[in-house]
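Please open the model in your viewer and keep the sequence panel beside it. The tour below suggests, stop by stop, what to select next and what is there.

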Amino acid sequence: MRLVNSWLKIEKSSGGVRRIPTNVRSLTGTVNGQEFESSLERDLLLLVHWDCEVDWYQSQPVKIDYLDDQGKQRSYTPDLLVTYRFDAGQNTQQRNPRRPLLCEVKYRGDLIKQKDQLKPKFKAARAYAKSQGYEFRVLTEREIRTDYLKNIQFLWSYRYADFHEHHYKKLKMVLNELEETTVSKLLEVSYSSKELKGEALWTLWCMISRLWVKCDLTIPLSMQSTIWGDE
């Protein structure tokens, strides 16, 4: 999937190297054309698709061959490869682009149960990633299911929704004057009517979801969240 603008991506290739089987014991499906085998993989795809520094990503991107402890030929397919825009992770003082991320998604309980089985696979993946200039990481629910994910799940539909243009212009003007405020305070200053506040709140969530209004999405989003303008 390749970035088109700040919130849309298109498919990079026809698919990964491994087809995901239908499995009634686990959740399978797609997010924007990319397949997943579990709800945890689905949640990671939401995070990746949301990240505006992402250039493109591919599920089941490569098959890595390796030898097991008995010298038998084996293969391993990581869950996801993510590449970033050239300027991602850079600042004015140190130009340090984010390396492509090759990752495996596993529940922590499964990591413990399958430790011996997974160890040679991950060793092969790290060696492959190093040879390609990638970073390899194993991501669990601890890294994926955070307040940041909950906020994205809440904002997801607003990112693609229509909004009121006149509310957008007014909210932007008032926020520029206030510079920094809360969701609740911006609506209070901008409108006296309860009905208009309700309409404007929809537009404000749309603005936040598109990053036109900034806030800290790593903490729970609420009416008391601090927000500021994009300028």
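Accessible areas here come from the Shrake-Rupley method with a 1.4 Å probe, and for residues only the protein chains shown count as cover. With the whole protein displayed as a surface, about 13400 Å² is exposed, and carbon and sulfur atoms supply 49% of it. This is a predicted model, in which local features need pLDDT of at least 70 and side-chain atom pairs count only at pLDDT 80 or more, while totals for chains, interfaces and linings use all residues. Residues are numbered from 1 along each chain as its sequence is written, and side-chain values use heavy atoms, with hydrogens and water left out.

Of the 231 residues, 42% count as buried, a word that stands for under 20% relative accessible area (1.4 Å probe, protein chains only). Switching to a cartoon shows eight helices and 13 strands, which are DSSP runs numbered from the N terminus (helices: H or I, at least four residues; strands: E, at least two).

Next, select helix α5 (residues 147-159) together with helix α8 (residues 194-209), whose axes come within 8 Å and cross at roughly 105 degrees. Axes are lines fitted to C-alpha atoms, for helices over the stretch in contact, and angles run from 0 to 180 degrees between N-to-C directions. The two helices α5 and α8 are therefore roughly perpendicular to each other, a description used for angles of 65 to 115 degrees. On the α5 side the contact (heavy atoms within 4.5 Å) is made by Phe 154, Leu 155, Tyr 158 and Arg 159, and α8 contributes Trp 202, Trp 205, Cys 206, Ile 208 and Ser 209.

Keep α8 and add helix α6 (residues 165-178), which packs against α8 at an angle of about 80 degrees, with the axes 9 Å apart. Which residues of α6 meet α8? They are His 167, Tyr 168, Leu 171 and Lys 172, and their partners in α8 are Leu 196, Glu 199, Ala 200, Thr 203, Leu 204 and Met 207.

Now select the three strands that form an open sheet in the order β11-β13-β12, with antiparallel pairing; two strands pair if DSSP finds at least two bridges between them. Since β11 (180-182) and β12 (213-215) stand at the edges, each with a single partner strand, one side of each is left without a neighbour in the sheet. Three bridges join β12 to β13 (residues 226-229), and Cys 215 stands opposite Ile 227 in β13.

Finally, add helix α7 (residues 183-190), which lies across β11 and β13 and runs at about 95 degrees to β11.

Note on methods: Parallel < 35°, antiparallel > 145°, perpendicular 65-115°, else oblique. Buried < 20%, exposed > 50% of the residue type's maximum accessible area, 1.4 Å probe, protein only.
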